[in-house]
Structures are given as structure tokens and as C-alpha cells.
Amino acid sequence: MLKIYNTLAREKQVFTPINAGKVSMYVCGMTVYDYCHLGHARVMVVFDMVSRWLHASAYVVNYVRNITDIDDKIIQRANDNKESIAQLTERFIQAMNEDAAKLGVIPPDIEPKATDFVGGMITMIASLIEKGYAYAADNGDVFYAVNHFAGYGKLSGKSIEDLRAGERVEVDSNKRDPMDFVLWKSVKPNEPSWDSPWGKGRPGWHIECSAMSSHHLGEHFDIHGGGQDLQFPHHENEIAQSEAAHSHDGKPCQMVNYWMHNGFVRVDDEKMSKSLGNFFTIRTVLEKYDAEVVRFFILRAHYRSPLNYSDQHLDDAKSALTRLYTALRAYPVIDTEINWQHPQAAQFKLAMDDDFNTPEAMAVLFDLANDVNKTKSLASATLLKNLAGVLGLLGRNASEFLQGTIASSSLQQATEPTLDSRSIDGKILQRAAAKTAKNFAEADRIRQELADAGIILEDSALGTNWRRA
RNA sequence: GGCGCGAUAGCAAAGCGGUUAUGCCGCGGCCUGCAAAGCCGUUUAGACCAGUUCGACUCUGGUUCGCGCCUCCA
């Protein structure tokens, strides 16, 4: 029985889908004006994991993750770069897809772009005006009248009064209330625009998610996710827009049953963010670390906990993942159905059903690795690989991981020359001959020579294995 | 200022009112020509102060410290 921590309720709740056996999930994706950083990696990996677990739990999942391809920063960046907005966003959508693929993120079922939904947004704004939740100002902007929506603040736990007290924003004189937020921005020079009943302009940020989620998942759907920083104002405003626009006879229509928010990636105990400038892009990190190590690192913490980034932590993650792959090295494991009755599989399931407790689920993986090493059980090795597969881990051949270089990544610039496997095998043969001749000094010299090149040898009864440090 | 989250061993990170989390690192042993890997064992815990309880890292209250949101942000 799956339990999910629901931000709306501030507690874990048993997950009951609106339609039995089906899950509709919407996640706020990226604004594509730059490369994705590790914080974006976390959202993608976390909700990929959620979607995989729902699949593994036999749900039919409809997973939507949007792409914001029109906003202030995009316009500015395109201007700075002297390229068109379409060129800029296309470039970074492409980059995002490459990064996601490397991290083992399965593409969502639908990835709608905001610019493809302006018509739907206009319809929704018109409906909000008609129902009295929004108003057009004299300058052509359209605002949402926050105090007309009774439930405002229910997600973030804020009250309109508290928000007013903490008011830090420049008051826009076109607003009737400082708390009102913009649904439609009137056109400004050198900015793209669309025709609307309120004149040329472009949509505000929040309305796109309301329009896209209802178009693809309906007025009422199961799960809505995103980073913790979107809780307010973005998600709060989405609720206000959707529930008001879809209201019938003045009664709001519940938009989402379960709201999920993942914790931040931090650097030196501070939130990693563009504004602080302390971010690492995914591709920068992948120059140094295998993408699966990064995925492992993300999933090793619970999705709601803060996740501190440092090289030391990634080194640690790499060692841990190496242990798992090492356990699988000698076994011809294949993908099979998981028998959830098996004690360790059941333990894994229990952990995952408890609000996606991946750290605890991973402990089961290490337990299985110990079994494999101790008992040489092919069954345990198979279960290990298949359970890890549910998390999108251990998908490669062990040797591919242990002997591969991150240089195989297309992003990797040529680093110091590394030995190819053929010459390594040659050295191993030379060393074997020296060992047979009891010339241990020579054997050790060869081993050291390889060690200096980052190749670690491991003798076993069946021969010598090697892996990259 | 308002609202919220957190504090676990050298590092990272979970569960749990009483019984080994787990990984990395360290130490000892086995194995090995020697290593490495692996196996076995093992040292370091639960910010602080009270309270509830037969018993609290786990529940309650307070203190201190850290972080986040309240403005674009995953």
C-alpha cells in the first residue's frame, strides 16, 4: 500500500488514484534558457523514480512534464545571444534531453511546450474573468484577483494577510491588490506576442501549467510534483487558477489530490540556484563522474531531504555503486519478473511504498550484494539486478561500468590518454607469465605500472580481473 | 517580521519506544606469493535541557544552531 507525503495535507497519506489502476501525474519541468544544473537533475531523476515505481506497482501511468519556452529570462537571453527565441529554446531542450537520457531518465509520456498552448491559456484567462476571478487592467495586463479565491494559501500554508505583512515586491499600480498576480502581460517592444481579447501580449508564468495539465490530464488529476521552491507562488497560483476556472456554480473543482515536492540540492549547505550562482551543470559533473554515479547519488538520499553536493560525496557514491557492480560481475544475470513475495523484494517494496524511501530500498540492494558474495547465489544476483532496475540502476554489464571510462561520454574532452583494454590484457598476460615463473618482482612491477595508469588488478581463481579506479 | 523544515557516529544517510540499518573511510582477522576484491569481526551516534514511560535516538515541551519559502528559481 503506497503512501505519499502530500504537501497539501502536510502528512503521509495512502495513495488512492482517482481511477483505479491509473495514475495521472504532472511535474513542472524546466525553463529552457540555459543548461540544466544538478537541481534540475534531481527533479528529473526523482520523478522518474516515482513514475518507475508506479509502473512497477502495476499502475498505468500518464506522466506529463512541461517545458517553459517563453518567459522573461528566455527573451533576455535570446537578445543577449542575438539569436531567436526558438533557436535558443530548441538548443537547450536538446541539451536537456541529452542530460536526462544520460541520467537514465525515461522521457515522460507527454512534454508539452508553453508556446503550443497559448490558445488554451487565453481561453482559461477569459473564463477566469467571466467568473469574476480575474480582471483586465487599463494597460492590457490581466491579473488574478487573489482575494476572490477562498482557498488561496492552502498549499503553502500562507495567509494573504501574512503575505501582505512580508510584502517585498514593488507594487504594480495596475493591480487592485499587491498580492494579485499576472495572467497576461501586455506586449512590450522587441518581445514576442500573441493576439488576445486584451490586446497583444504573452502569458504569465503560472497559467501555462494550469492550461497544460487540464488539457492533458483533466480538471482533476492525481499527482502534481516539482521542486520545493515552486510551492509558492507557482503551485499556489496554479491551484487558484485551475480550481477557479473549473469551478461550477461558484464551487471550486479540486485540481490535484497529491502534491509532491522534492528537496533542494545544496552546495556548502546553501541552496544551489541560478541566482546564487553556486550551481553545477549536469554536463560539468558528467565530465568527471559517470552518469549512473550521479543518479545513484541522487537516489541515495530521500527525495524530500536536502542533498549536499561535493566531490567527496560523489566519490563515496562511486565506491558504493562499484561494490554493487562488483557483486554482479561474475553472474550472467538476466531481466526477469520480480517475485515480490521474496523476503528481500518485499522489504524493498515496503521501503518504496513508504513515500518512496529509496535510501532504505538501497540498503536491501547492499544486503543482496552481500548474499551474492557470500553464497554465490545466481538468484540473489538476479534479484539484485532487477530490483536495482526498478530504480533505473545497475542496468549495464558490470564490466561496462567497472572497466568503462567516462571518456566514452560524448561530452568528455580528451583527458590524459588511458590504456585500452587490449593493451591491459597484454600486460595481464605478461604478468601471468612472470607469476608462473615465480618472478614476483616483475609481476608486481607490472601491476604497479597499471595502477599508475588507473587500472586495478584483482586476481581470482579463475584469472585476473581489472577495473578502472 | 510571518510561515515551514531539519539537527543521527570521521563522512553520507534510513528505520525504529526495548532486539545489526546501509554505504564510504579506519582498525583486526581470514583469503592471497604479496595485493586487490570478497568474507568475518570491530571502533566512532543520535545538538542541549526538561517531561511522559519499566524503558526514548524514536513521543511531548522548551532552548540553541542550521536551512528554506514569503521576489525569478527544480
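**Exercise 1. Tyr144**

Find out whether Tyr144 is buried or exposed, and say which element holds this residue.

*Solution.* Step 1: Tyr144 has a relative accessible area of 0%. Step 2: compare that value with the cut-offs, where buried means under 20% relative accessible area, exposed over 50% and partly exposed in between, using a 1.4 Å probe and protein chains only. Tyr144 is therefore buried. Step 3: Tyr144 belongs to strand 6 (residues 142-144); helices (H or I, at least four residues) and strands (E, at least two) are DSSP runs, numbered from the N terminus. Step 4: Leu128 is 16 residues away from Tyr144 in sequence, and their C-alpha atoms are 8.0 Å apart in space.

A word on the model before you go on: it is predicted, so local features need pLDDT of at least 70 and side-chain atom pairs count only at pLDDT 80 or more, while totals for chains, interfaces and linings use all residues. Residues are numbered from 1 along each chain as its sequence is written, chains are lettered from A and ligands numbered from 1 in the order in which they are written, and side-chain values use heavy atoms, leaving out hydrogens and water.

**Exercise 2. Thr7**

Place Thr7 in the fold and work out how far it lies from Leu155.

*Solution.* Step 1: look in the loop that joins strand 1 (3-6) to strand 2 (11-14), and there you will find Thr7. Step 2: with a relative accessible area of 7%, Thr7 is buried. Step 3: between Thr7 and Leu155 the separation is 148 residues in sequence, but 6.7 Å in space, C-alpha to C-alpha.

**Exercise 3. Two residues with positive phi**

Decide for Asp269 and for Leu394 whether each is buried or exposed.

*Solution.* Step 1: Asp269 sits in the loop between strand 11 (265-267) and strand 12 (270-271). Phi of this residue, which is not a glycine, is positive, near 65°. At 54% relative accessibility, Asp269 is exposed. Step 2: Leu394 is found in the loop between helix 13 (378-390) and helix 14 (398-403). Leu394 is not a glycine either, and its phi is positive at about 55°. A relative accessible area of 1% makes Leu394 buried.

**Exercise 4. Helix 9**

Explain why helix 9 is described as largely enclosed by the rest of the structure.

*Solution.* Step 1: helix 9 covers residues 291-299. Step 2: nine of its nine residues are buried, so the helix is largely enclosed by the rest of the structure. Among the buried residues are Glu292, Arg295, Phe296 and Phe297. Step 3: at the start of helix 9, the backbone nitrogen of Glu292 has a side-chain oxygen of Asp290 within 2.8 Å.

**Exercise 5. His206 and Pro233**

Name the residue whose side chain makes a polar contact of 2.9 Å with that of His206, and find the cis peptide bond that leads to Pro233.

*Solution.* Step 1: His206 is part of helix 6 (residues 205-217), and with a relative accessible area of 8% it is buried. Step 2: the partner is His234, at 2.9 Å. A polar contact is a pair of N or O atoms within 3.5 Å; within protein, one must be able to donate a hydrogen and the other to accept it, and residues adjacent in sequence count only if both atoms are side-chain atoms. Step 3: the cis bond runs from Phe232 to Pro233, with omega near 0°. Pro233 lies in helix 7 (residues 231-245).

**Exercise 6. RNA strand B**

Describe what surrounds RNA strand B, and which of its groups are approached by Lys158, Ser305 and Arg323.

*Solution.* Step 1: 63 residues are near the strand (a heavy atom within 4 Å of it), and the closest are Trp205, Gly227, Leu230, Met272 and Arg447. Step 2: of the strand's atoms within 4 Å of the protein, 64% come from sugar or phosphate, and the rest from bases. Step 3: an N or O atom in the side chain of Lys158 is 3.0 Å from a base oxygen. Step 4: phosphate oxygens are approached by polar side-chain atoms of Ser305, at 3.0 Å, and of Arg323, at 3.2 Å.

**Exercise 7. Domains**

Give the domains of chain A and the distance between the C-alpha centres of domain 1 and domain 3.

*Solution.* Step 1: the bounds, from an automatic or database domain assignment, are 3-266 for domain 1, 310-402 for domain 2 and 421-468 for domain 3. Step 2: the C-alpha centres of domain 1 and domain 3 are 57 Å apart.
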